[in-house]
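Trainee: I'd like a close look at one part of this thing, the places where charged side chains pair up or fail to. Could you walk me through that, and tell me how far to trust what I'm seeing?

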Amino acid sequence: MKFLLLMLLPTISWAKLPSKEFQFQKSLSMVLANSTKPDVKPGMVVASPSRSNPNYYFDWVRDTALTKRALIDYYELTKDPKIKQMIFTWVDAETYRQTLPTLSGLGEPKYEIDGSGYTGPWGRPQNDGPALRAISMIKFARLLLKNGEQDYIIKKLYYSVLPAESPIKRDLEYVAHHWSEHSFDLWEEEKGMHFYTLLAQYTALEEGAKLAREFSDEFAADFYELQAERIGRKLKSDFFNERIGIVVTTEKSAPLGYKNSGIDVAPLLALLHTSPYQKLIPLNDAHVLKYIEVLTATFGEIYDINKKYADLGVSIGRYPEDRYDGYETSKLGNPWFLSTLALGEYFCLLKTQLAENGKLTKNLAKKLTDITEAQFKRALYHSDRTGGMSEQFNHRTGIMQGATELTWSHNAFMTAMMRCGLIIKKN
Ligand code: NOJ
Ligand code: NOJ
């Protein structure tokens, strides 16, 4: 029945859309533009150039860590020295801001463009930030190691001195000592224990422990590993759910009154943002598959635009009860580019994982590729013809809204392209 209905819907020709390659270049240039604003401290990134309605002219630790992860991946592919230089500048900026006093220590989510912590009322702390930053910096350290550049690591990224002075170590110490405390979720709304935050923390500590051991910081490595094991046990005992697969938040201490389903795109983002490192919860785990099915069906149902075209993928938002429309919190929320692209990226990572385990048939490979393509197509259909991407697109009209040229929308596009093998390695 569902299939028959779909057949009756119109389709969108690729010829009417910007190509994926064009969008990649545009996204790269927007990421670079938002990372090099003349009035912003070098190395810091604005979440969006929008300074009012909404004002996103700040640096969020989370957004920036994910942006730099995309640039580090891009550097890995291209070995572009300009990008490498930008990463060095970022490391210096993070090292600087880690030393500044803030209202919630390293858990401070949002910073002014001069590098100082935001002091207005906000959902703080948000403890995913230091974990994501550590994951990105460790990835950079790994690339440098491969290149024989140990000196930079020992000087600037990781050394064993306590209290910690190097940025990776500072973040790992913070994560190892604070992971069991409640913090605000990545949507900055609800306080409790979150799948997203915990999986990022688990991964940072696991990867951090390996790095620590390689640099003869054995005692720290043991400690990070021990904490990671404890997080791993908590993730598996508290967040798996037979009905919806994975629950987003437990132990809510400051709940958002209207968020009850437990369904959220955040666990999907967690799996992507900790890939390819964490093996605790594989992409084809039965709970993950159930969760993806529920997530897709839920958003497929609530947004009108999901019922209009046969060949565009599912528009995905943050969570079904969302009321933040990009400007204010009172209406039905909308699909987001980064969530919609995440679903596509998931299916190509799943494809890679199944292939590695010898479980990929030709038929399945084609199906997974088709889903990924449909998600890209969906995103390109709602971006503007010049490749502009805001935070959201309207669930009824499909027109973009919320913060313009959101850095995270653009880095999500870049990451999905690179991880789906659509950007070819030079040399
Ligand atoms: C801004 C936050 O960043 C967003 O996640 C939230 O939904 C709105 N404020 C409303 O609380
Ligand atoms: C709102 C989102 O909810 C949050 O995750 C993000 O960090 C900020 N906007 C900045 O993009």
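Mentor: Sure, trust comes first. In this protein the confidence bottoms out in helix 1 (residues 2–8), with a mean of 65, and peaks in helix 10 (residues 266–273), at 99. What you have is a predicted model, with an average pLDDT of 97 and 98% of the residues scoring at least 70. Where pLDDT is low, the predicted coordinates should not be read in detail.

Now the charges. The structure holds 35 salt bridges, and a few of them reward a slow look. Take glutamate 373 and lysine 20, whose closest N and O atoms are 2.9 Å apart. That pair links distant parts of the chain, since glutamate 373 belongs to helix 13 (residues 362–382) and lysine 20 to helix 2 (residues 20–35), 353 residues apart. The two ends differ in burial class: glutamate 373 is partly exposed at 27% relative accessibility, while lysine 20 counts as buried at 11%.

Next up is arginine 62 with glutamate 188, a salt bridge at 3.7 Å from N to O. Arginine 62 is in helix 3 (residues 61–78) and glutamate 188 is in the loop between strand 3 (183–184) and strand 4 (191–194), so this bridge ties together parts 126 residues apart in sequence. Here the arginine is the buried partner, with arginine 62 at a relative accessible area of 3%, and glutamate 188 is partly exposed at 22%.

Then there's glutamate 345 with arginine 419, where the closest N and O atoms are 2.8 Å apart. Glutamate 345 sits in helix 12 (residues 337–356) and arginine 419 in helix 14, 74 residues apart, so again distant parts of the chain are linked. Glutamate 345 is buried at 5% relative accessibility, and arginine 419 is buried too, at 19%. The cut-off for buried is under 20%, so arginine 419 gets that label with its 19%. Beyond single pairs, salt bridges with shared partners join Asp59, Glu94, Arg97, Arg133 and Asp171 into one network.

Now for the one that fails to pair. Glutamate 405 is in the loop between strand 9 (400–401) and helix 14 (407–419). It is buried but has no salt bridge, and lysine 26, the nearest side chain of opposite charge, is 4.3 Å away. A salt bridge needs the nitrogen within 4 Å of the carboxyl oxygen, so at 4.3 Å lysine 26 doesn't qualify. What glutamate 405 does have is a backbone partner: a polar atom of its side chain lies 3.0 Å from the backbone nitrogen of methionine 389. Leaving out neighbours within four places in sequence, the contacts of glutamate 405 include Lys26, Met30, Asn34, Gly388, Met389, Ser390 and His410.

For contrast, look at the nonpolar side of things. In soluble globular proteins, nonpolar side chains tend to be buried together. The largest nonpolar core here has 124 residues, and Leu157, Trp187 and Leu268 touch the most other members. Apart from that core lies another, of seven residues, with Met44, Tyr57, Val61 and Ala93 among them. As for Leu268, its contacts beyond four places in sequence are Tyr291, Ile292, Leu295, Ala342, Leu343 and Tyr346. Isoleucine 246, in strand 6 (residues 245–246), is buried with a relative accessible area of 0%. Among the residues that isoleucine 246 touches outside its own stretch of sequence are Phe195, Phe239, Phe240, Pro267 and Tyr291.

While you're poking around, check some backbone geometry as well. There's a cis peptide bond from leucine 162 to proline 163, with omega near -10°, and proline 163 is in the loop between helix 6 (150–157) and helix 7 (167–178). Another cis bond runs from serine 275 to proline 276, with omega near 5°, and proline 276 is in the loop between helix 10 and helix 11 (286–302). You'll also find a charged residue with an unexpected sign: glutamate 251 has a positive phi of about 50° although it isn't a glycine. Glutamate 251 is in strand 7 (residues 249–254) and is partly exposed at 39%. Asparagine 53 also has a positive phi, near 40°, but it counts as exposed, at 56% relative accessibility.

Notes: Residues numbered from 1 in each chain as written. Chains lettered and ligands numbered in written order. Predicted model: local features only at pLDDT ≥ 70, side-chain atom pairs only at ≥ 80, totals over all residues. Heavy atoms only, no water. Helix = DSSP H or I, 4+ residues; strand = E, 2+ residues; numbered from the N terminus. Buried < 20%, exposed > 50% of the residue type's maximum accessible area, 1.4 Å probe, protein only. Lys, Arg positive; Asp, Glu negative; His and termini not counted. Polar contact = N/O pair within 3.5 Å; in protein donor to acceptor, adjacent residues only side chain to side chain. Contact = heavy atoms within 4.5 Å. Core = buried A, V, L, I, M, F, W, Y, C linked by side-chain atoms within 4.5 Å. pLDDT = per-residue confidence, 0-100.
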